[in-house]
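Colleague: Please take me closely through one part of this chain, a loop and the elements on either side of it. Then follow the chain outward as far as the contacts lead.

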Amino acid sequence: MIQSDTINFDKKAMVSKVLTFSCVDGPGNRLVIFLQGCNFDCISCHNPQTINHCNDCGDCVSSCPTGALTLEKGKVKWHKSLCSECDKCIEVCPNHSTPKITTTSVRQMIELVDKHHAFLSGITLSGGEATLQLGFIIEFFKAVKASAKLSHLSCFVDSNGSLSEQGWDKLLPYLDGTMIDLKAWLDTTHLWLVGRGNQRVIESINKLASLDKLYEVRLLYIPNKTDLLTEIDALATYLNQLPAQVNIRINAFQHHGVIGEGLTWDKCTKEQMRQFSEKLVARLGRNVLLPSVYL
Ligand code: SF4
Ligand code: SF4
C-alpha cells in the first residue's frame with residue numbers, strides 16, 4: 001500500500017478537458033483527463049489546439065462573445081462559468097492553441113474522481129501527450145492507489161508512445177495499462193506524418209507488452225497517404241508477435257477538428273476500412289476493433 005504522506009497532492013497539471021464518463025478510452029467506464037501539450041505535430045490531428053501551450057498573446061480575448069476571457073497582468077484567464085463553448089477563441093488563436101486550460105492539482109483531481117467513483121471502473125490520462133506531464137501522472141496515480149475508496153479504479157495512459165524507457169520505469173509501479181498509437185509503419189512515413197520517427201513508439205509498445213501493461217495498439221488508417229496498407233505484411237508480422245490479449249484497434253482518418261493540409265486529404269470511407277481491415281485480419285488470424293462512426 002502506498003503511504004499517502006509520500007504523495008505530492010499539490011502537484012499540478014495543465015488540463016484541457018475532463019470527461020467524467022467514457023466507454024471508448026480503455027476498458028469499462030472511465031473518467032478521462034486530457035492534458036495540454038504534445039511533442040508530436042500530426043498533420044492528421046483531430047485536436048490540434050491541444051499541441052501548443054498558450055503564450056498569453058491575448059489575441060483571443062476580444063473574440064470572446066461572452067466575456068469569458070480576460071487579460072490580467074499579462075496572463076490570459078479563462079472564466080469557465082461564463083464560457084459558452086463556442087470555440088471562437090480557438091479559431092482565432094495564431095498559435096493553434098487554446099486559452100481554455102485549467103491548472104489542476106492532484107488534490108483537486110482526486111476530489112473530482114471521488115464524486116464519480118461509484119460509476120467508474122477506471123481513469124485514463126490522455127492528451128495532447130499525457131506523459132509530457134509525467135510528474136503529475138505519477139503523483140495522481142499514487143494518490144488513487146493509496147485511497148481506500150478509489151484503489152479499485154484501474155489507472156491507464158493513452159499515449160503516442162514517445163516516453164523514454166526510464167520514464168515508463170518511473171510510471172510502471174502505478175500503471176495498470178496503456179493504449180499506444182502506431183500511426184505509420186516506416187520510420188520515414190512516421191517522421192513525415194507526425195514530425196518524429198517511430199523507433200521510440202515501437203520500443204514503448206515492446207516494453208509495455210513484455211510487462212503486460214499494453215491494453216491496446218491503435219493504428220490510424222489514412223488511405224493513399226500512409227503506409228499501413230503498402231507495408232501490411234511487415235506490420236502484421238510485428239503485430240502478430242504481441243501477446244494475444246492486446247487489442248488491435250484501427251481508427252479511420254476523418255476531417256473532424258483537422259486543420260491545414262490534412263483537410264485536403266480524402267476521409268477514410270467505411271468500404272476502404274473494410275478492405276484494409278479484412279487484409280489485416282487475414283494476416284493476423286484474429287479480430288481487430290473497428291470504428292463505428294464515420295463523420
Ligand atoms: S469558447 Fe472561447 S470564445 Fe467561446 S465563450 Fe468560451 S472562452 Fe469565449
Ligand atoms: S489561446 Fe492563443 S490567442 Fe489566446 S492568448 Fe493563448 S496563444 Fe494567444
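**A loop and its surroundings**

Modeller: D212 sits in the loop between α6 and β9. Bear in mind that this is a predicted model. The backbone at D212 has a positive phi, near 60°, and the residue is not a glycine. Is D212 buried or exposed? Its relative accessibility is 52%, which is over the 50% cut-off, so D212 counts as exposed.

Step back into the helix before the loop. Helix α6 covers residues 199-210, and K207 is part of it. K207 is a charged residue, but its relative accessibility is 16%. That is under 20%, so K207 counts as buried. What does the side chain of K207 reach? It makes a polar contact of 2.8 Å with the side chain of D169. The wider contacts of K207 take in E165, W168, D169 and L172, with residues up to four places away in sequence left out. D169 thus appears twice: as the polar partner and in the contact list.

Now go forward from the loop into β9. This strand spans residues 214-221 and pairs with β10 in the parallel sense, over 6 bridges. One of the bridge partners can be named: Y221 is matched with A252 in β10. Helix α6 packs on the sheet here, with contacts to β8 (177-182) and β9. The direction of α6 makes about 150° with that of β8. The loop that holds D212 therefore links a helix and a strand, and that helix touches that strand.

How many strands make up the sheet, and in what order? There are 8, in an open sheet that runs β5-β1-β2-β6-β7-β8-β9-β10, with mixed pairing. The edges are β5 (102-105) and β10 (247-252), each paired on one side only. Ignoring direction, neighbouring strands are turned by 30° against each other on average. As a general point, strands of a sheet pair through backbone hydrogen bonds, either parallel or antiparallel.

Follow the chain past β9. The next loop runs between β9 and α7 (232-240), and N224 lies in it. N224 also has a positive phi, near 65°, and is likewise not a glycine. Its relative accessibility is 69%, over the 50% limit, so N224 counts as exposed.

T226 and D227 lead to another helix: both touch T189, as does A184, sequence neighbours within four places aside. T189 is in helix α5, residues 187-194. At 11% relative accessibility, T189 counts as buried.

Another loop of the sheet region has its own backbone feature. G128 belongs to the loop between β6 (122-126) and α3 (134-146). The peptide bond joining G127 and G128 is cis, with omega about 15°.

Finally, go to the other edge strand, β5. P99 lies in the loop between α1 (88-92) and β5. Its relative accessible area is 7%, so P99 is buried. What does P99 touch beyond its sequence neighbours within four places? The contacts are C60, L69, V76, W78 and C89. From P99 to D87 the C-alpha distance is 10.0 Å, across 12 residues of sequence.

Some of those contacts lie in a hairpin. Strands β3 (69-72) and β4 (75-78) run antiparallel and share 4 bridges. L71 has V76 as its bridge partner in β4. The turn has 2 residues, and K73 in it shows a positive phi of about 50°.

Other P99 contacts belong to the ligand shells. C60 is among the closest residues to ligand 2, along with C54, N55, C57 and C93. The shell of ligand 2 has 13 residues: 7 nonpolar, 4 polar and 2 charged. C89 is among the nearest to ligand 1, together with C64, C83, C86 and D87. That shell has 14 residues, and its classes are 8 nonpolar, 2 polar and 4 charged. P99 is thus in contact with C60, from the shell of ligand 2, and with C89, from the shell of ligand 1.

Conventions. Residues are numbered from 1 along each chain as its sequence is written. Chains are lettered from A and ligands numbered from 1 in the order in which they are written. This is a predicted model: local features need pLDDT of at least 70, side-chain atom pairs count only at pLDDT 80 or more; totals for chains, interfaces and linings use all residues. Side-chain values use heavy atoms; hydrogens and water are left out. A residue is near a molecule or strand if one of its heavy atoms lies within 4 Å of it. Buried means under 20% relative accessible area, exposed over 50%, partly exposed in between (1.4 Å probe, protein chains only). A polar contact is a pair of N or O atoms within 3.5 Å; within protein, one must be able to donate a hydrogen and the other to accept it, and residues adjacent in sequence count only if both atoms are side-chain atoms. Contact means heavy atoms within 4.5 Å. Two strands pair if DSSP finds at least two bridges between them. Axes are lines fitted to C-alpha atoms, for helices over the stretch in contact, and angles run from 0 to 180 degrees between N-to-C directions.
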